[in-house]
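Here are a few exercises to work through with the model open in your viewer. Try each task before you read the solution under it.

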Amino acid sequence: MADRPDRWARHRTRVALVQAVFQWLFAAPTSHELESQFAMEGKLDKVDREFFRAALRGILHGREALDAKLAPCLDREVAELGRLEHAVLLLGCYELEHMLETPYRVVISEAVGIAKDYGAAESHRFVNAVLDKLADQLRPTETAASRAS
């Protein structure tokens, strides 16, 4: 258990990731530039750097595929999403697809919490609805088992 990052480190990592993806959506720096900037600013001091690096690269390089997975779950076009909502949804989608060791409910709860803390008044409800639909598609066995219990 000592080699597993604590829950707060993962939470801080997710917040840093949303900030990095948000910034990338505005200016499109490389993942290396973002990581270097965040490290210099001290934003990576108490995070799971391996998770940060893998997720940031996965999101930035896989954005089109992630957006394609999100699109059917949205009530608007991807291009119409607010940047913070978009950043949170990209991270949630990435985690649901690639971080299978993290329960889907944790992924959704973390995304909703970040949207509640940093987003517009009702963005957390939107994020919850979208990721709930997406979880049904990406993790049907897990969601079905959870709802059955």
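## Exercise 1: The cavity

This is a predicted model, and it holds one cavity of 30 Å³ or more.

**Task.** Find which residues line the largest cavity, and work out which helix supplies the largest share of that lining.

**Solution.**

Step 1. Start with the volume: the largest cavity comes to about 40 Å³.

Step 2. Now list the wall. The lining is made up of R14, V18, V88, L91, E95, V107, E110, A111 and I114.

Step 3. Sort these by helix. At least two lining residues each come from α1 (7–27), α5 (83–98) and α6 (104–118). The largest share belongs to α6, with four residues.

Step 4. Sort by class. You get six nonpolar residues, three charged ones and no polar ones.

Step 5. Check the charged residues for partners. R14, E95 and E110 are tied together in a network of salt bridges, and R14, E95 and E110 are also on the lining list.

## Exercise 2: A glutamate in α5

**Task.** Decide whether E95 is buried or exposed, and list what it touches beyond its sequence neighbours.

**Solution.**

Step 1. Place the residue: E95 sits in helix α5.

Step 2. Look at the accessibility. E95 has a relative accessible area of 2%, so it is buried; the cut-off for that is under 20%.

Step 3. Collect the contacts. Skipping residues up to four places away in sequence, E95 touches R14, F51, L100, T102, V107 and R139. One of these, R14, shares the salt-bridge network with E95 and E110.

## Exercise 3: A leucine in the same helix

**Task.** For L89 in α5, find the relative accessibility and the contacts outside its four-place sequence window.

**Solution.**

Step 1. At 0% relative accessibility, L89 is buried.

Step 2. Leaving out neighbours within four places, L89 is in contact with L70, L74, L81, F126, V127, V130 and L131.

Step 3. Add a backbone distance. The C-alpha atoms of L89 and A111 are 7.5 Å apart, although the two residues are 22 places apart along the chain. A111 should look familiar, being part of the cavity lining.

## Exercise 4: Two helices and their buried sides

**Task.** Work out which residues of α2 are buried, why they count as being on the same side, and then repeat the job for α4.

**Solution.**

Step 1. In α2, the buried set is S31, L34, E35 and F38. Because they span an arc of only 95° around the axis, they fall on the same side of α2.

Step 2. Turn to the other side of α2, where H32 and M40 are exposed.

Step 3. Ask what the buried residues pack against: for α2, that is α1 and α3.

Step 4. Check the end of the helix. Just after α2, G42 has a positive phi of about 80°.

Step 5. Now α4 (residues 63–70), whose buried residues are L66, D67 and L70. Their arc is only 100° around the axis, so they too lie on the same side of α4. The cover over them includes α3, α5 and α7 (123–138). L70 also turns up among the contacts of L89.

## Exercise 5: Salt bridges

**Task.** How many salt bridges does the structure hold, and what is the accessibility of the partners in the R57 and E35 pair?

**Solution.**

Step 1. The count is 14 salt bridges.

Step 2. Take R57 and E35, with their closest N and O atoms 4.0 Å apart. This pair joins distant parts of the chain, as R57 is in helix α3 (residues 49–61) and E35 in helix α2 (residues 31–40), 22 residues apart.

Step 3. Compare the partners. R57 has a relative accessible area of 35%, which makes it partly exposed, whereas E35 is buried at 10%.

Step 4. Do the same for E85 and R76, which meet at 3.6 Å, N to O. E85 is buried at 14%, while R76 is partly exposed at 29%.

Step 5. Finish with E41 and K43, whose salt bridge has an N to O distance of 3.3 Å. E41 is partly exposed at 44%, and K43 is partly exposed at 37%.

Conventions. Residues numbered from 1 in each chain as written. Predicted model: local features only at pLDDT ≥ 70, side-chain atom pairs only at ≥ 80, totals over all residues. Heavy atoms only, no water. Salt bridge = Lys/Arg side-chain N within 4 Å of Asp/Glu carboxyl O. Buried < 20%, exposed > 50% of the residue type's maximum accessible area, 1.4 Å probe, protein only. 1 Å grid on protein atoms, 1.4 Å probe; cavity = no way out; pocket = protein on both sides within 12 Å on 5 of 7 lines; lining within 4 Å. Points joined across faces, edges and corners; volume = space filled by probe spheres on them. Nonpolar A, V, L, I, M, F, W, Y, C, P; charged D, E, K, R; others polar. Arc of directions from axis to C-beta. Contact = heavy atoms within 4.5 Å.
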